[in-house]
Amino acid sequence: MKKIWSAVAALLFVISSTAQEVSMYPTHWFAGMNRDRVQLILKSEDSQFSKSTVRVQYPGVSLLRTHRFSNGKYLVLDLAVNKSAQPGNVSIITTANNQSKTYTWTIKQRREGRGTKFAQGVTAKDLIYLIMPDRFSNGDPSNDQFANMHDNGSDRNDVLRRHGGDLKGIQNHIDYMKELGVTALWMTPVIENNMPLNKEAAGMMSGYHGYWFTDHYKVDPRMGGNNSYKELSDALHANGMKLIQDAVYNHIGSHHWMAQDPPSPDWVNRWDKYTGSNHRDEALFGRYASEKDKKQMLDGWFVPHLPDVNQRNPFVANFLIQHAIWSTEEFGVDGWRVDTYKYCDEPFLNRINDALLREYPKLTIFGKAWTNTVTGSAYFTRNNLDIPFKHNAEGVTDFPLNSAIMAALNQPFGWTEGVNKLYMTLAQDILYKEPKNNCIFLDNHDMDRFLSVVNEDMNRYKQGIALLLTLRGIPQLYYGTEILMKNFKNPSDAMVRLDFPGGFEGDAKNKFTVQGRTTAEQQAFDYVKAIAQYRKKSTALTTGKTMQFLPVDGLYVYFRYDDQHTVMCVINTSSSVKKLSLADYSERTRGFTKGKDIISGTSIGENFEVAANGTMIIELSK
Ligand SMILES: [Ca+2]
Ligand SMILES: [Ca+2]
């Protein structure tokens with residue numbers, strides 16, 4: 001009997017001594033990575049944990065250095081993970097007071113198809129569809145709420161609360177996106193946001209939008225968790241589509257461990273009293289900028305419940321860099337959209353971009369730099385500016401072009417207004433190294449919906465869609481624009497993030513189907529689809545060059561062209577019919593005698609007309 005009990009006791013000892021009572025970041029790593037140094041954060045609940053000594057046992061993995069902090073719950077290990085290290089379980093043995101504990105940290109096999117099945121990059125050949133997952137479709141009502149989470153409710157009657165949409169709901173509608181001509185999916189963040197409701201002007205708001213991270217290494221269970229994200233990624237890739245992940249380096253939710261219980265206080269930028277960012281990118285690049293304004297721009301907090309991350313702290317920088325690489329490998333990411341780009345430490349941004357590209361050379365990275373000028377926009381990407389600090393991201397979200405398109409569609413024609421504003425803005429592309437890498441858009445989750453901005457005028461709607469799909473850049477369509485979803489951000493942003501009709505059980509109409517759409521909605525859907533599908537085959541519209549002609553009385557004509565194809569785009573913002581002649585644009589039309597409007601299918605000859613407020617996308621032929 002005694003023998004049995006001692007065997008049981010021995011077994012219990014083994015179990016207790018290998019129990020994972022520490023959190024590890026990264027949760028695991030991969031065999032054969034270029035990045036062969038990993039900084040592993042161990043976080044215990046024991047405030048004496050850092051007094052332990054540490055050994056690491058695994059072929060090909062060695063412990064280079066152990067770091068300790070003012071907060072005794074943490075140990076940070078610098079590990080060398082040699083290229084020869086095979087997938088398997090690394091033993092991390094801590095010893096304190098003559099007692100040893102063994103923790104397991106895993107090295108996994110790499111994902112297959114780097115550069116071909118994932119990390120492929122997203123280019124101007126793609127069409128990005130932007131979805132806010134909570135608001136698109138509820139594929140699994142069992143994950144709508146969790147009693148043990150801070151925000152444990154779900155209520156579709158409240159625009160500020162969670163609505164239950166998830167990754168499975170998106171996966172269920174891949175065919176819908178494909179039919180429309182979408183080739184890449186960008187979702188607002190799917191990482192865990194275990195935050196309580198936050199009081200905002202419009203009411204009590206949840207983190208339904210995803211920008212309040214609390215654990216980088218967990219996909220929010222209300223989205224479906226890590227496995228659901230992998231399944232969605234695999235399904236997208238099996239359908240020839242790509243995945244863009246939304247990164248947030250600038251801030252974290254106030255309930256993130258890095259904010260609540262950091263290794264040392266300097267993991268977050270702190271001020272004697274609350275200081276918000278001044279949101280002024282000019283303070284970074286302006287010739288006459290002051291250091292005071294620059295510091296407030298970068299280290300000031302975005303809002304009070306989102307602590308500003310100190311990327312100058314090398315441990316924080318490593319944490320963010322490793323997480324970006326880990327996510328790309330773990331989930332099969334093809335490109336990154338980086339939130340609040342202009343608020344991040346600038347050398348850090350270049351370092352993280354370099355680290356990602358060293359591992360995945362074809363990966364695409366574009367920063368969200370919401371600026372008002374082309375100079376500001378160009379500053380945050382590879383540019384032709386003669387300035388001391390050069391950003392290295394391939395592209396940015398092109399806000400100045402968005403403003404110019406809205407001016408073209410809403411303003412009366414003038415010397416600097418209307419389509420002239422668009423002409424002038426595109427002329428400033430000289431500041432970008434490669435403007436085709438910019439992500440271009442009519443609206444997104446932070447802006448008034450496009451249809452409302454053009455006063456629900458269908459001629460203007462069509463012109464906007466045509467511009468989006470024929471101008472240089474990577475076009476991004478915001479979910480629902482194709483079925484005429486509308487609204488202003490009044491009284492809150494949530495009004496432009498309403499549920500996709502048909503994505504939720506009990507919806508009166510299902511606009512994922514032809515039967516669920518009105519005639520106008522179907523026309524809009526078909527319009528987007530026609531150009532998007534044509535665009536896929538048109539090298540001129542995707543990788544081709546651009547030539548624009550000075551607008552005349554509201555008529556704007558530009559060409560996209562290469563050796564194979566020439567496409568003539570005609571945007572008539574005036575309320576009168578315009579007569580056109582190919583001869584007037586002979587630099588680009590020489591040798592062509594006719595063409596076909598790819599939208600209407602109408603053939604044109606050397607002389608033709610465009611309707612008042614009309615749009616034509618004409619493929620020229622000989
Ligand atoms: Ca759900
Ligand atoms: Ca910042």
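How are the donor residues of the calcium ion (ligand 1) spaced in sequence? They follow the pattern N-x1-D-x2-N-D-x19-G-x1-D. Please keep in mind that this is a predicted model.

## The calcium site

Let's put names to that pattern. Side-chain oxygens come from Asn-138 (OD1), Asn-143 (OD1), Asp-144 (OD) and Asp-166 (OD), while Asp-140 (O) and Gly-164 (O) also coordinate the calcium ion (ligand 1). The coordination distances run from 2.3 to 2.6 Å.

What is the geometry of the site? The site is irregular, with angles of 63 to 165° among the six donor atoms. For reference, six octahedral donors would ideally give angles of 90 or 180 degrees.

## What the site ties together

Asp-144 and Asp-166 both sit in the loop between strand S9 (128-131) and helix H2 (167-171), so the pair ties together parts that are 22 residues apart in sequence. Are these two residues buried or exposed? Asp-144 and Asp-166 are both buried.

## The protein as a whole

Zooming out, the protein contains 17 helices and 28 strands. Its C-alpha trace spans about 100 × 55 × 50 Å along the principal axes. The radius of gyration is 27 Å, which agrees with the value near 25 Å for a compact globule of 622 residues.

## Contacts and surface

Sequence-distant contacts are well represented here: of the contacts between residues at least 6 apart in sequence, 71% join residues at least 24 apart. Of the 622 residues, 60% count as buried. The protein exposes about 25,200 Å², and carbon and sulfur atoms supply 50% of that area.

Technical notes
Residues are numbered from 1 along each chain as its sequence is written. Chains are lettered from A and ligands numbered from 1 in the order in which they are written. This is a predicted model: local features need pLDDT of at least 70, side-chain atom pairs count only at pLDDT 80 or more; totals for chains, interfaces and linings use all residues. Side-chain values use heavy atoms; hydrogens and water are left out. Donors are N, O and S atoms within 2.8 Å of the metal (3.2 Å for Na, K and Ca); water is not among the atoms, so sites may look incomplete. Four donors count as tetrahedral if all angles lie between 85 and 135 degrees; four count as square planar and six as octahedral if opposite donors are over 155 degrees apart and all others between 65 and 115; anything else is irregular. Helices (H or I, at least four residues) and strands (E, at least two) are DSSP runs, numbered from the N terminus. Buried means under 20% relative accessible area, exposed over 50%, partly exposed in between (1.4 Å probe, protein chains only). The radius of gyration is taken over C-alpha atoms; the globule rule is 2.2 Å times the number of residues to the power 0.38. Contact means heavy atoms within 4.5 Å. Accessible areas come from the Shrake-Rupley method with a 1.4 Å probe; for residues, only the protein chains shown count as cover.
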